[in-house]
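I opened this notebook to record what I looked up, one topic at a time. The entries go from the whole chain down to single residues.

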Amino acid sequence: MENLPSSGDLSEMLAAGTKESHNKTEISQLGRDFYRGIVQKDIFKKGIEALYFIYLAMEDELERNKDHPHIAPIYFPTELSRREALSQDLQYFYGADWENLIGPSAATKLWVKRIHEVGKKDPGMLVAHCYVRYIGDLSGGHLLNNVAKRVLRLPSTGEGLKFYQFDGITSHKGFKQLYRSKLNEVDVEMETKMSIVDEAIRAYGFSLKIIAELEEIGKTSKGEAAGFGHSHVDTMGGDAKCPFSAGKTAASENANYISHIPNQLALAALVAVFAGFTAWYALRAP
């Protein structure tokens with residue numbers, strides 16, 4: 001693995017080691033459709049389903065391994081736990097019987113299987129999955145919340161979007177700085193740090209599989225996608241940015257956004273993979 005920082009800080013190693021994987025997600029069709037602000041409600045719901053099963057597995061394993069020396073520094077259930085929020089969102093979209101109406105996709109099953117596998121055999125590797133999921137979702141959640149609420153006409157009271165609301169965190173910036181420092185407190189040898197970086201790259205691979213699945217759903221979907229007729233900045237206020245704006249592609253993207261395009265992929269499908277797009281930048285941001 002080339003170009004890893006000499007400091008040996010795990011947060012910096014993860015950022016540098018997963019940069020290429022981050023770039024791959026940005027150039028996906030799903031990523032390009034995000035820039036156009038296209039949202040399809042059925043795909044949004046599929047994204048919520050995928051997240052639910054991924055977080056269910058991850059938080060089960062984190063709870064079981066919370067006293068493990070590699071997990072304890074980054075274990076923040078009050079601040080980060082997403083299971084209850086996702087349950088509320090699924091109940092909003094599917095009704096009281098939601099648990100009998102959903103199931104993990106093939107790609108989601110692969111990620112869930114891997115999380116349980118490392119949780120049982122090598123719990124320290126859960127650090128990689130936490131890095132890819134939690135920090136990215138925390139970083140992009142506020143903006144995705146605003147986009148989905150407006151375009152899908154969801155209630156202003158937050159129903160259907162609880163996943164994006166981290167009520168236990170008062171400062172997202174401050175918490176990310178804390179999390180970065182806690183990652184660096186994980187006391188492992190360099191070889192193990194390299195393994196954690198490899199595991200994070202593997203997690204990105206699962207994200208890409210979910211992207212491919214959602215893209216196939218988008219190709220066959222007969223639903224109509226809603227979208228912005230103008231830029232995200234105009235829609236959400238002058239300081240708002242697309243969650244991809246930190247990436248190279250986002251920095252150069254300055255197109256008008258397309259409205260009411262049928263059979264397109266959904267912005268909100270990114271909910272199933274979004275952390276993989278943003279975690280690389282999130283831990284580098286001040």
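**Entry 1: the whole protein.** I started with the count of elements: the protein has 13 helices and three strands. The model I am reading is predicted. I then looked up burial and noted that 54% of the 286 residues are buried. For contacts with a separation of 6 or more, I found that 87% are between residues 24 or more positions apart.

**Entry 2: helix H1.** I went to H1, which spans residues 10-17. Six of its eight residues are buried, so I wrote it down as mostly covered, taking buried to mean under 20% relative accessible area. The buried ones are Leu 10, Ser 11, Met 13, Leu 14, Ala 15 and Gly 17.

**Entry 3: helix H4.** I looked up the length of H4, residues 41-64. Its 24 residues reach 35 Å from the first C-alpha to the last. The expected value at 1.5 Å a residue is 34 Å, and the two are close. H4 is also mostly covered, with 17 of its 24 residues buried.

I picked Tyr 52 from this helix. Is Tyr 52 buried or exposed? Its relative accessible area is 10%, which is under the 20% cut-off, so Tyr 52 is buried. Leaving aside neighbours within four places in sequence, I listed its contacts as Arg 83, Leu 86, Ser 87, Leu 90, Trp 98 and Ile 102. I also checked Tyr 52 against Pro 104: they are 52 residues apart along the chain, and their C-alpha atoms are separated by 8.8 Å.

**Entry 4: the loop after H4.** Phe 76 lies in the loop between H4 and helix H5, which covers 77-80. Phe 76 has 14% relative accessibility and therefore counts as buried. Setting aside neighbours within four places in sequence, I found Phe 76 in contact with Ser 81, Phe 175, Leu 178, Tyr 179 and Lys 182. Lys 66 is 10 residues from Phe 76 in sequence, and the C-alpha to C-alpha distance is 9.5 Å.

**Entry 5: H7 against H8.** I reminded myself that two packed helices are described by the angle between their axes and the distance between the axes. H7 is residues 106-121, and it packs with H8 at an angle of about 140 degrees, the axes being 9 Å apart. The two helices are therefore oblique to each other. From H7, the residues that meet H8 are Trp 111, Arg 114, Ile 115, Val 118 and Gly 119. From H8, they are Leu 126, His 129, Val 132 and Arg 133. I sorted the residues of this contact and got five nonpolar, two polar and two charged.

**Entry 6: Asp 137.** Staying in H8, residues 126-151, I looked up Asp 137. Its relative accessible area is 2%, so Asp 137 is buried. Which side chain does the side chain of Asp 137 join in a polar contact? The partner is Tyr 55, at 2.4 Å.

**Entry 7: Glu 199.** My last residue sits in helix H10, residues 190-220. Glu 199 has 5% relative accessibility and so counts as buried. Its side chain makes a polar contact of 2.7 Å with the side chain of Arg 114, and Arg 114 is one of the H7 residues in Entry 5. Without neighbours within four places in sequence, Glu 199 is in contact with Arg 114, Val 118, Met 125, Ala 128 and His 129.

Note on methods: Residues numbered from 1 in each chain as written. Predicted model: local features only at pLDDT ≥ 70, side-chain atom pairs only at ≥ 80, totals over all residues. Heavy atoms only, no water. Helix = DSSP H or I, 4+ residues; strand = E, 2+ residues; numbered from the N terminus. Buried < 20%, exposed > 50% of the residue type's maximum accessible area, 1.4 Å probe, protein only. Polar contact = N/O pair within 3.5 Å; in protein donor to acceptor, adjacent residues only side chain to side chain. Axes fitted to C-alpha atoms, helices over the stretch in contact; angles between N-to-C directions. Parallel < 35°, antiparallel > 145°, perpendicular 65-115°, else oblique. Contact = heavy atoms within 4.5 Å. Nonpolar A, V, L, I, M, F, W, Y, C, P; charged D, E, K, R; others polar. Expected span 1.5 Å × (residues − 1).
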